[in-house]
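Subject: Handing over the structure

Hi,

Here is the structure I promised to pass on to you. Please open it beside this email, and then read on for what turned up in it.

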Amino acid sequence: MDWFIDGYVSVTNKTVIERMLAHGSSAWCLNPTFKMKRELSSIQRPFLLHISGAYRTTPTAALQTILGIPPLHMQLQFEARFTSIYRLRIPLPPFITDTQPHDLEMKATGWSTHPSEHLNPNQISFEDGEAYIARKDIINIFTDGSKTEHGVGAAFCVLTNDIWAYQWSAKLNDNNTVFQAELTALHEAVIFASHLPNHNTSIIHVDNRASIMASSNSKSTNETGRKIFKILLSNPRIKVSWVKASAGNIDNERADQLAKDATQHGQPYSHTKLPKPHIKGLLRKRMLEEWQTLWKNGDTGRKIYNIMPSVSLRPTNWIREDVIFFSQHGPFPAYLKRFHLSDSDYCSCGGIGTALHYATECIYTVSWHMRKPAPNFEQEWLKRVANNLVSRQRIRGIIKFISENRDLFRPP
């Protein structure tokens, strides 16, 4: 039941509270003041405590790192930066990102043509593997886009009378998407077909349904898709047909191989702008860098910092007992005395009641003991334990035992 409640609180934090606060953040959180950061931290902190199950004195910075949740002011600043550059089209300072609004692919709005104008019903086909016609007046064009570790490529090749009459390929920006590559190949193929003699009918075979749908809709929000629609509208002899990818079609595989080759050797193609996810990735990277600097130079949560020196958006797989042990904010006499909740920091066994004491030498927790590290290797020992599931299982047993038998550990 606890995991369900924690998950519910986590989802509520991300999808409700955070989204409410993000409203209008571009107007007030682009450069948050110290006071704003402090107030936003106080809003975020209760959620972090509920999600982690940590003691209420556990440092906020430590909880953020453990849970993979950046400081709230940084998340809202990320939203503000993205809205400013992508929606408001306001350039950001170079130290934040070199990508500016004119480099980005923006959403198209309104109608691309008059609402009464539509493509002919036979111009678009989603019939899987529609057979292309081997006639002298029919030209078959195969398009494809590809993204590999080498980059992004787009290509099309022209088949006339069983002869490969022409081919085109280009290398896009490495940050472009496969969808953009597919649309680019279709756009160039449509332009090529539009310049053929009027008596020729062209069938363009595309293995990406999404690009066909974006190109056949006059209200498409994709700018390249709208350009394709306008060309198709004025050239009814050009048809677009879907062909199933990886279905053993030799002609389609030729276009696929051409696109893959273009990722390395194709001519640079700069007409396709950078996609929306690209700027989000850059801004997220910048946020992580700022969070890392804040975590490194902070003065709280140092016990967790020694174990986890690097921040990440991926949460640890720690449960409540892990957080209590490694933060050392828990049912330990040393902790209780530090926060004036007890008069003594001694365990009933006679030793100083620290987290390390219970994990290595207390007579009451001997069933879960691990070898005690030398004083100068204590931090390295904690790192190894934190990264070892078997060791963490022992830690969880210790914390549960102490929590259920607190009277046993009180000093006389």
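Below are my notes on the strands, the aromatic rings and a few of the helices.

Before anything else, please keep in mind that this is a predicted model.

**The strands**

A good place to begin is strand 2 (residues 138–148). Nine of its eleven residues are buried, so strand 2 is largely enclosed by the rest of the structure. It has two pairing partners that I can point you to. With strand 5 (residues 201–206), strand 2 pairs in the parallel sense over five bridges, and N140 has I203 as its bridge partner there. With strand 3, it runs antiparallel, and nine bridges join the two. If you want a residue pair to look at, G145 is bridged to A154 in strand 3. The connection from strand 2 to strand 3 is a hairpin through two residues.

Strand 3 (151–160) then leads on to strand 4 (163–172), with N161 in the loop between them. Strands 3 and 4 are antiparallel too, paired over nine bridges, and C157 finds its bridge partner, Q167, in strand 4. Strand 4 also pairs with strand 7 (residues 267–268), this time in the parallel sense and over two bridges; here A170 is matched with Q267.

**Two backbone angles to look at**

Where does N161 take its positive phi? It does so in the hairpin of strand 3 and strand 4, which has two residues between the strands. The value is about 50°, although N161 is not a glycine. The residue is partly exposed, with a relative accessible area of 43%.

The other one is H340, again a residue other than glycine, with a positive phi near 60°. You will find H340 in the loop between helix 13 (333–338) and helix 14. Its relative accessibility is 72%, so H340 counts as exposed.

**Aromatic rings**

Over the whole structure, the search finds 17 aromatic pairs. One of them is Y55 with Y335, an edge-to-face pair at 5.6 Å centre to centre with 85° between the planes. This pair links distant parts of the chain: Y55 is in the loop between helix 3 (34–52) and helix 4 (60–67), while Y335 is in helix 13, 280 residues apart. Both tyrosines, Y55 and Y335, are buried.

Another pair takes us back to the strands. F142 and W164 have ring centres 6.2 Å apart and planes at 65°, so this pair is edge-to-face. F142 belongs to strand 2 and W164 to strand 4, so the pair ties together parts that are 22 residues apart in sequence. Is each ring buried or partly exposed? F142 has 0% relative accessibility and counts as buried, whereas W164 is partly exposed at 28%.

There is also a cluster: ring pairs link F332, Y358, Y364, W368, F401 and F409.

Since you may be thinking about charges as well, two of them sit over rings. The charged end of K280 is over the ring of F82, 5.0 Å from its centre. The charged end of R302 is over the ring of Y305, at 4.5 Å from the ring centre.

**Two helices**

Helix 10 (residues 276–296) has 21 residues and reaches 31 Å from its first C-alpha to its last, close to the 30 Å expected at 1.5 Å a residue. Its buried residues are H278, I279, L283, R286, M287, E290, W291 and W295. What do these buried residues of helix 10 pack against? Their contacts are with helix 4, helix 5 (72–87) and helix 11.

Helix 15 (residues 378–386) has W381, L382, V385 and A386 as its buried residues. They cover an arc of only 130° around the axis, which puts them on the same side of helix 15. In general, an α-helix has 3.6 residues a turn, so residues three or four places apart point the same way. The buried residues of helix 15 pack against helix 11 (302–307), helix 12 (320–327), helix 14 (355–360) and helix 16 (389–404). Helix 11 thus appears among the packing partners of helix 10 and among those of helix 15.

That is what I have for you. Happy browsing!

Best wishes

Conventions:
Residues numbered from 1 in each chain as written. Predicted model: local features only at pLDDT ≥ 70, side-chain atom pairs only at ≥ 80, totals over all residues. Heavy atoms only, no water. Buried < 20%, exposed > 50% of the residue type's maximum accessible area, 1.4 Å probe, protein only. Helix = DSSP H or I, 4+ residues; strand = E, 2+ residues; numbered from the N terminus. Arc of directions from axis to C-beta. Contact = heavy atoms within 4.5 Å. Pairing = 2+ DSSP bridges. Phe/Tyr/Trp six-rings, centres within 6.5 Å; stacked < 30°, edge-to-face > 60°. Lys NZ or Arg CZ within 6 Å of the ring centre and 35° of its normal. Expected span 1.5 Å × (residues − 1).
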